[in-house]
Amino acid sequence: MTQKKFALSVRIVLFDQQGHILVLKRSARSRTNPGKWELPGGKIDSNESFDEALLREVREETGFEVIIHTAAGTAMQETDEWRIVHLIMIGSIISGGLSISAEHEEFRWASPPEIAGLEKADYFEDYFRMYLQVPVGSQSGGEDPSVTNTE
């Protein structure tokens with residue numbers, strides 16, 4: 001039995017001023033995860049560093065120029081041909097205006113509880129469950145899920 005080769009994909013978590021995360025809905029014509037929500041990013045081209053690839057992919061998919069701050073986690077995805085490792089970073093928008101590519105058909109700035117209700121790409125579902133899931137009962141209205149009450 002031949003094992004599938006690994007491929008590396010890079011993604012980014014971008015927040016707006018209210019703490020919402022930018023998510024993109026893949027085109028219904030997409031070969032992988034059609035019509036599902038994901039984070040901006042994508043494949044690394046040959047002779048390209050992962051940070052160069054991420055900056056390029058974000059610019060192509062959103063129109064934003066960003067800076068990368070830190071690693072935010074990883075997720076796996078299997079296709080018919082590949083085992084894809086998604087390296088997920090956190091970044092900030094430094095310029096540009098949102099203009100999604102033909103690869104996607106919709107965008108949304110969403111809170112973690114809103115993202116929980118979206119039909120997500122398989123890797124994003126795994127990442128969300130591991131890193132972004134808000135514990136049940138900790139959200140009531142507009143509270144910030146990153147703030148812990150220590151009283």
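This report describes the fold, strand pairing, largest pocket and two histidines of a predicted model.

## Overall fold

The chain holds three helices and seven strands. From the N terminus, the elements run β-β-β-β-α-β-β-β-α-α. Four strands therefore precede the opening helix in that pattern, and two helices close it.

Of the 151 residues, 38% are buried. Contacts reach far along the sequence. Taking contacts with a separation of 6 or more, 66% join residues 24 or more positions apart. The exposed area of the chain is about 8,900 Å². Carbon and sulfur atoms supply 50% of that area.

## The three-stranded sheet

β2, β3 and β7 form an open sheet. The strand order is β3-β2-β7, with antiparallel pairing. β3 (37-38) and β7 (104-110) are the edge strands. Each has a single partner strand, so one side of each lacks a neighbour in the sheet.

Strand β2 spans residues 21-26 and is joined to β3 by two bridges. These two strands run antiparallel. Leu24 has Glu38 in β3 as its bridge partner.

## The β5-β6 hairpin

β5 and β6 form a hairpin, with three residues between the two strands. Strand β5 covers residues 65-78. Its pairing with β6 is antiparallel and runs over 12 bridges. Within this pairing, Gly73 stands opposite Ile88 in β6.

In a regular strand, side chains alternate between the two faces of the sheet.

## The largest pocket

The largest pocket has a volume of about 650 Å³. Its lining counts 26 residues. Nearest the centre lie Arg26, Arg31, Thr32, Lys43 and Ile84.

Four elements give two or more residues each to the lining: β1 (5-14), β4 (41-43), α1 (50-62) and β6 (82-95). The largest share comes from β1, with four residues. By residue class, the lining has 11 charged, nine polar and six nonpolar members.

## His104: a buried strand residue

His104 lies in strand β7, one of the edge strands of the open sheet. Its relative accessibility is 4%, so His104 counts as buried; the cut-off for buried is under 20%.

Leaving aside neighbours within four places in sequence, His104 contacts Leu24, Lys25, Arg26, Ser27, Glu38 and Glu61. Several elements meet here. Leu24 and Glu38, both among these contacts, are also bridge partners of each other across β2 and β3. Arg26, another contact of His104, is one of the residues nearest the centre of the largest pocket.

## His20: a partly exposed loop residue

His20 sits in the loop between β1 and β2. With a relative accessible area of 23%, His20 is partly exposed.

Beyond neighbours within four places in sequence, His20 is in contact with Leu14, Phe15, Trp109, Ala110, Ser111 and Glu114. Trp109 and Ala110 in this list fall within β7 (104-110). Leu14 belongs to β1 (5-14).

How far apart in space are His20 and Glu114, C-alpha to C-alpha? The distance is 9.3 Å, although 94 residues separate the pair in sequence.

Key
Residues numbered from 1 in each chain as written. Predicted model: local features only at pLDDT ≥ 70, side-chain atom pairs only at ≥ 80, totals over all residues. Heavy atoms only, no water. Buried < 20%, exposed > 50% of the residue type's maximum accessible area, 1.4 Å probe, protein only. Contact = heavy atoms within 4.5 Å. Areas by Shrake-Rupley, 256 points an atom, 1.4 Å probe, with all protein chains shown as cover. 1 Å grid on protein atoms, 1.4 Å probe; cavity = no way out; pocket = protein on both sides within 12 Å on 5 of 7 lines; lining within 4 Å. Points joined across faces, edges and corners; volume = space filled by probe spheres on them. Nonpolar A, V, L, I, M, F, W, Y, C, P; charged D, E, K, R; others polar. Pairing = 2+ DSSP bridges.
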